[in-house]
Amino acid sequence: MARLVVMTVGKTHSGKTTFAKELDSVLQEAIVIDQDNHAEFIHEHYMKLCPIEGPNTFKISVTNAIVNYAMEQSNYHIILCNSNLNKLGRANVLQSFHNQGFTSIIVYFELPTDLLKERVIRTNRRKTIFRSASSFLEVLERQDKSSDIEPSKDEANYMFVINDPNDTAGIIQNIIAISDIR
């Protein structure tokens, strides 16, 4: 049976983590790999090792090590839960999964910016994942300025788009059905 990699793509507060946890609770033999958890761990234990400027290569290295371990040393379906907003980055990650025989699914969270702003304003999430931003609103504003977000159907074997938070249950059922036929 082929394993799945489910990659969430979306801006901050679009529901990626909630979706990943819900999918994990019903998809047999799955694990969520959430880069925000790695950022919190690094911030708490290894902040001195984080680069001061540029990309957070330390966080990326930790995530890559965990992803590689899960790919090579487990039989789990993998749910990659982070923004995955960079097209080239997504392509590279998904290619490595395809090379290992995984079936890929992108779940793209395309929610209205006004809804995301409301969520950011009401959030109680800890800000310890930040290295260079001062708030989730700043993160959202940066993401809004990026033009390299929207995935295309040719990036993965399957792609689902969430335009409304109520869409998640049906998409989770579609993913379970895909896992059953693989």
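In the predicted model, lysine 87 and glutamate 155 are joined through their side chains in a salt bridge, with a separation of 3.1 Å from N to O. The two partners belong to distant parts of the chain, since lysine 87 is found in helix α4 and glutamate 155 in the loop between α6 (136-145) and β5, 68 residues apart. Lysine 87 has a relative accessibility of 34% and therefore counts as partly exposed, whereas glutamate 155, at 13%, counts as buried. Glutamate 155 also forms a salt bridge with arginine 90, in which the closest N and O atoms are 2.7 Å apart. Because arginine 90 is in helix α4 and glutamate 155 in the loop between α6 and β5, this pair ties together parts that are 65 residues apart in sequence. With a relative accessibility of 1%, arginine 90 counts as buried, as the cut-off for that class is under 20%. The structure holds two salt bridges, and Lys87, Arg90 and Glu155 are linked by such pairs in a network. In general, side chains of opposite charge can pair when their charged atoms come close.

The secondary structure surrounding this network comprises seven helices and five strands, which follow one another from the N terminus in the order β-α-β-α-α-β-α-β-α-α-β-α. The five strands form an open sheet, arranged as β2-β3-β1-β4-β5, in which the pairing is parallel. At the edges of the sheet stand β2 (30-34) and β5, each of which pairs on one side only. When direction is ignored, neighbouring strands of this sheet are turned by 15° against each other on average. It is a general feature of sheets that their strands pair through backbone hydrogen bonds, either parallel or antiparallel.

The individual pairings can be followed across the sheet. Strands β2 and β3 run parallel and are joined by five bridges, with alanine 30 standing opposite histidine 77 in β3. Strand β3 also pairs with β1, in the parallel sense and over three bridges, and here isoleucine 78 of β3 is the bridge partner of valine 5. Between β1 and β4 the parallel pairing extends over seven bridges, and valine 6 is placed opposite isoleucine 105 in β4. Strand β1 is mostly covered, with seven of its seven residues buried. The cover extends to both faces of β1, with Leu4, Val6, Thr8 and Gly10 buried on one side and Val5, Met7 and Val9 buried on the other. Such a division reflects the general rule that in a regular strand the side chains alternate between the two faces of the sheet.

Helices pack against this sheet. Helix α3, formed by residues 57-73, lies across β2 and β3 and runs at about 165° to β3. Helix α4, formed by residues 87-99, packs on the sheet and touches β1, β3 and β4, its direction making about 170° with that of β1.

Attention then turns to the interior. The largest nonpolar core has 21 residues, and those with the most contacts inside it are Phe19, Leu23, Ile105, Val107 and Ile175. Two or more residues of this core are given by each of β1 (4-10), α1 (16-26), β3 (77-81), β4 (103-109), β5 (158-162) and α7 (168-181), and the largest share, five residues, comes from α7. Valine 107, one of the residues with the most contacts inside the core, touches Val6, Met7, Thr8, Val9, Phe19, Phe160, Ile162, Ile171 and Ile175 when residues up to four places away in sequence are not counted. A second, separate core has 16 residues, among them Val5, Val9, Leu80 and Ile106. In soluble globular proteins, nonpolar side chains tend to be buried together.

For the protein as a whole, buried residues make up 40% of the 182 residues. Of the contacts with a separation of 6 or more, 79% are accounted for by residues 24 or more positions apart. The protein exposes about 10,200 Å², of which carbon and sulfur atoms supply 49%.

A local backbone feature is found at glutamate 29, which is placed in the loop between α1 and β2. Phi of glutamate 29 is near 60°, a positive value in a residue other than glycine. Most residues other than glycine have a negative phi.

Methods:
Residues are numbered from 1 along each chain as its sequence is written. This is a predicted model: local features need pLDDT of at least 70, side-chain atom pairs count only at pLDDT 80 or more; totals for chains, interfaces and linings use all residues. Side-chain values use heavy atoms; hydrogens and water are left out. A nonpolar core is a set of buried Ala, Val, Leu, Ile, Met, Phe, Trp, Tyr and Cys residues joined through side-chain atoms within 4.5 Å. Buried means under 20% relative accessible area, exposed over 50%, partly exposed in between (1.4 Å probe, protein chains only). Helices (H or I, at least four residues) and strands (E, at least two) are DSSP runs, numbered from the N terminus. Contact means heavy atoms within 4.5 Å. Two strands pair if DSSP finds at least two bridges between them. Axes are lines fitted to C-alpha atoms, for helices over the stretch in contact, and angles run from 0 to 180 degrees between N-to-C directions. A salt bridge is a side-chain nitrogen of Lys or Arg within 4 Å of a carboxyl oxygen of Asp or Glu. Accessible areas come from the Shrake-Rupley method with a 1.4 Å probe; for residues, only the protein chains shown count as cover.
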